[in-house]
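Grab a pencil and work through the exercises below. Each one sets a task, and a step-by-step solution follows.

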Amino acid sequence: MCENTPAVQTTLPLDPRAAGEARRFLRAAICREHAASVLEGAELLVSELVTNGVRHAAPPITLRVACDGSRGLQVSVSDGEPAGPAPREAHDEAESGRGMSLVDYISDDWGVQPHQDGKTVWFTLSA
Ligand SMILES: [Zn+2]
């Protein structure tokens, strides 16, 4: 893990301001040593995941940002709805399908982790 920048998380409002708050939080939390070059891509993906979350998921929405040194930035968005998004599959709803295609295209890796209280959608980006 990164010795300079601790992992941090925040809870986002379940309304249209969420994506803007998520980008502000990311800009403040991101590791300047290891992740500055991937900030733009990370902002885009965080916006997609959070907007998706606000439309299709249940509160609370939690954003977590962590640096894993030279292995890159780790971002996850958790919410209280266990279902979807369908990983790497065509999706009925064009909007959320487009969102996850973008994550698939830009991130190094991503996934959906179901758990007892909902799910976590995560991605990694390395410089
Ligand atoms: Zn770092």
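**Exercise 1. Find where pLDDT stays under 50, and say how far to trust that stretch.**

Solution. Start with the score: pLDDT is the predictor's confidence in each residue, from 0 to 100. Over residues 87-91 it stays under 50, and the model has 8 contacts there beyond four places in sequence. Here two residues are in contact if their C-beta atoms, placed from the backbone, lie within 7 Å. Where pLDDT is low, the predicted coordinates should not be read in detail. Now the whole chain: pLDDT averages 86, and 87% of the residues score at least 70.

Two ground rules before moving on. Residues are numbered from 1 along each chain as its sequence is written. The model is predicted, so local features need pLDDT of at least 70 and side-chain atom pairs count only at pLDDT 80 or more, while totals for chains, interfaces and linings use all residues.

**Exercise 2. Write down the order of helices and strands along the chain.**

Solution. Helices (H or I, at least four residues) and strands (E, at least two) are DSSP runs, numbered from the N terminus. Count them and you get 3 helices and 5 strands. Reading along the sequence gives β-α-α-β-β-α-β-β.

**Exercise 3. Work out the strand order of the sheet and which strands sit at its edges.**

Solution. Two strands pair if DSSP finds at least two bridges between them. Take β5 (residues 118-125) and β3 (residues 73-79): 7 bridges join them, antiparallel, and S78 stands opposite T120. On to β4 (residues 109-115), which is also joined to β5 by 7 bridges and runs antiparallel to it. In that pairing D109 stands opposite T124, and P114 has K119 as its bridge partner. β4 and β5 make a hairpin with 2 residues between them. Put together, the 5 strands form an open, antiparallel sheet in the order β1-β2-β3-β5-β4. β1 and β4 are the edge strands, each pairing on one side only. From one strand to the next, the twist averages 15 degrees.

**Exercise 4. Check the length of α2, then see where it lies and which of its residues are buried.**

Solution. The expected span of a helix is 1.5 Å times one less than its number of residues. For the 18 residues of α2 (residues 39-56) that should give 26 Å, and the end C-alpha atoms are 25 Å apart, which agrees. Next, placement: α2 lies across β1, β2, β3 and β5, at about 10 degrees to β3. (Axes are lines fitted to C-alpha atoms, for helices over the stretch in contact, and angles run from 0 to 180 degrees between N-to-C directions.) Then burial: a residue is buried if 20 or more other C-beta atoms lie within 10 Å of its own, exposed if 12 or fewer, and partly exposed in between. The buried residues of α2 include A42, L45, V46, L49 and V50. V46 touches A22, R23, L26, L63 and V75, leaving out residues up to four places away in sequence.

**Exercise 5. Which residues have the most contacts inside the largest nonpolar core, and which elements supply it?**

Solution. A nonpolar core is a set of buried Ala, Val, Leu, Ile, Met, Phe, Trp, Tyr and Cys residues joined through C-beta atoms within 7 Å. The largest one has 30 residues, and I30, A42, V46, V50 and L73 have the most contacts inside it. Two or more residues come from each of α1 (18-29), α2, β2 (61-67), β3, α3 (94-106) and β5. α2 gives the largest share, 6 residues. Across the whole chain of 127 residues, 34% are buried.

**Exercise 6. Is R32 buried or exposed, and how does T10 count?**

Solution. R32 sits in the loop between α1 and α2. It counts as exposed because it has 10 C-beta neighbours inside 10 Å. T10 lies in β1 (residues 8-12), and its 16 C-beta neighbours inside 10 Å make T10 partly exposed. T10 and T62 are 52 residues apart in sequence but 5.7 Å apart in space, C-alpha to C-alpha.

**Exercise 7. Where is the cis peptide bond?**

Solution. Most peptide bonds are trans. A cis one joins P59 and P60, with omega about 0 degrees. P60 is in the loop between α2 and β2.
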